[in-house]
Amino acid sequence: MNRAEKAALQLRAVDVLRMLKETRTYEELAETTGLPAGDLNRYVNGHVLPGTDRAREVVEELGREALAGELDARIRVDDEGYVDNSETVFDQSFLDLVAPVVANGFDFGRPDVVLTAATDGITLAASLASYYGTRCAYAKKSKETAVEEFIEARERLQSGIELTYYLPAGAIDAGESVLVVDDLIRSGETQELLLDIVDAADAEVAGVFALIAAGDDGIERAREQTDAPVGSLTSV
Ligand SMILES: O=P(O)(O)OC[C@H]1O[C@H](OP(=O)(O)OP(=O)(O)O)[C@H](O)[C@@H]1O
């Protein structure tokens, strides 16, 4: 890890601690983290940065658990099992905290492109792409007027409706590594279409990630389609 990477990790740990501090006293934060309250106070106030080992623990272990807890608190599930996660996908700052935890906590290789499906996956994909310093692309259910060539993926859904996703052909180049992400995975149909697009582009799958897995079907379906790591931050 070079000096800039160390500094970035230390700053991300401070971001995670600040988020946790919003709903905790320093004593409670000390209990959650196992770190001394005095040190935490200095980190949260920006007087001192946590060392690399501590920073890594905060971001990778504590961060993942804490963010999953925060995510759970933001999810609303209605009587029919439909998930409302607008509190999460509309909060770009929260997703900016999620990105490093996802990138460090799962075994995804560094992608060239983070790919999602419009609409709700876009803010997560943007945070991850920004974290990795790579491009973000999203497939849409309709064709953009001025674009001439598309990569298309079509599927007949369980409901019987036929769904096509379109991605401008230049968005992914052959041989590139693509991390496929979405806010939610339920049946896995959307992820399957995105994986088909990666395949049609002759690109490689770096991984499949969803913030929320509604049941196991979608995750299992994605695992059948790729050997790359597949995971979610939480499940309902
Ligand atoms: O695993 P699946 O069963 O395919 O479900 C997951 C998809 O459903 C939602 O999108 P939706 O199609 O509702 O479009 P939206 O993002 O525009 O709301 C969600 O954002 C995922 O893309």
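# Close-up views: figure legends

**View 1. Arg-56 is partly exposed, with a relative accessible area of 30%.** Relative accessible area is computed with a 1.4 Å probe on protein chains only; buried means under 20%, exposed over 50%, and partly exposed in between. The model is predicted, so local features need pLDDT of at least 70 and side-chain atom pairs count only at pLDDT 80 or more, whereas totals for chains, interfaces and linings use all residues. Residues are numbered from 1 along each chain as its sequence is written, and side-chain values use heavy atoms, with hydrogens and water left out. Glu-60, at 25% relative accessible area, is also partly exposed. A salt bridge with an N to O distance of 3.9 Å joins the side chains of Arg-56 and Glu-60; the term denotes a side-chain nitrogen of Lys or Arg within 4 Å of a carboxyl oxygen of Asp or Glu. Helix H4 (residues 52-74) holds both Arg-56 and Glu-60, four residues apart, or about one turn of the helix. Helices (H or I, at least four residues) and strands (E, at least two) are DSSP runs, numbered from the N terminus.

**View 2. A salt bridge connects Arg-135 with Glu-176.** The closest N and O atoms of Arg-135 and Glu-176 are 2.8 Å apart. This pair links distant parts of the chain, 41 residues apart: Arg-135 belongs to strand E4 (residues 135-139), and Glu-176 to the loop between strand E6 (162-168) and strand E7 (177-185). Arg-135 is partly exposed at 37% relative accessibility, whereas Glu-176 is buried at 12%. Side chains of opposite charge can pair when their charged atoms come close.

**View 3. Arg-221 and Glu-192 form a salt bridge.** Between Arg-221 and Glu-192, the closest N and O atoms lie 2.5 Å apart. Here too the pair links distant parts of the chain, with Arg-221 in helix H9 (residues 217-225) and Glu-192 in helix H8 (residues 189-200), 29 residues apart. Arg-221 counts as partly exposed, at 22% relative accessibility. Elsewhere, Lys-143, Glu-152, Arg-154, Arg-156 and Glu-162 are joined into one network by salt bridges that share partners. The count of salt bridges comes to 15.

**View 4. The ligand has 13 residues around it.** Asp-182, Asp-183, Arg-186, Ser-187 and Thr-190 come nearest to the ligand; a residue is near a molecule if one of its heavy atoms lies within 4 Å of it. Oxygen atoms of the ligand take part in polar contacts, that is, pairs of N or O atoms within 3.5 Å; within protein, one atom must be able to donate a hydrogen and the other to accept it, and residues adjacent in sequence count only if both atoms are side-chain atoms. A polar side-chain atom of Thr-119 is 2.9 Å from a ligand oxygen atom, and a backbone N or O atom of Asp-120 is 2.9 Å from a ligand oxygen atom. A polar backbone atom of Gly-188 lies 2.8 Å from an oxygen atom of the ligand. On its own the ligand has 500 Å² of accessible area, of which the protein covers 73%; such areas come from the Shrake-Rupley method with a 1.4 Å probe, and for residues only the protein chains shown count as cover.

**View 5. A cis peptide bond runs from Ala-118 to Thr-119.** The omega angle of this bond is near 20 degrees. Thr-119 is located in the loop between strand E3 (113-117) and helix H7 (122-132).

**View 6. Gln-191 and Asn-85 are shown with their contacts.** Contact means heavy atoms within 4.5 Å. Gln-191, in helix H8, is buried at 2% relative accessible area. Apart from neighbours within four places in sequence, Gln-191 is in contact with Val-180, Val-181, Asp-182, Ile-185 and Val-208. Asn-85 lies in the loop between strand E2 (83-84) and helix H5 (86-89) and is buried at 5% relative accessible area. Not counting residues up to four places away in sequence, Asn-85 touches Asp-183 and Ile-212.

**View 7. Asp-202 has a positive phi of about 60 degrees although it is not a glycine.** Asp-202 is placed in the loop between H8 and strand E8 (204-213). With 57% relative accessibility, Asp-202 counts as exposed.
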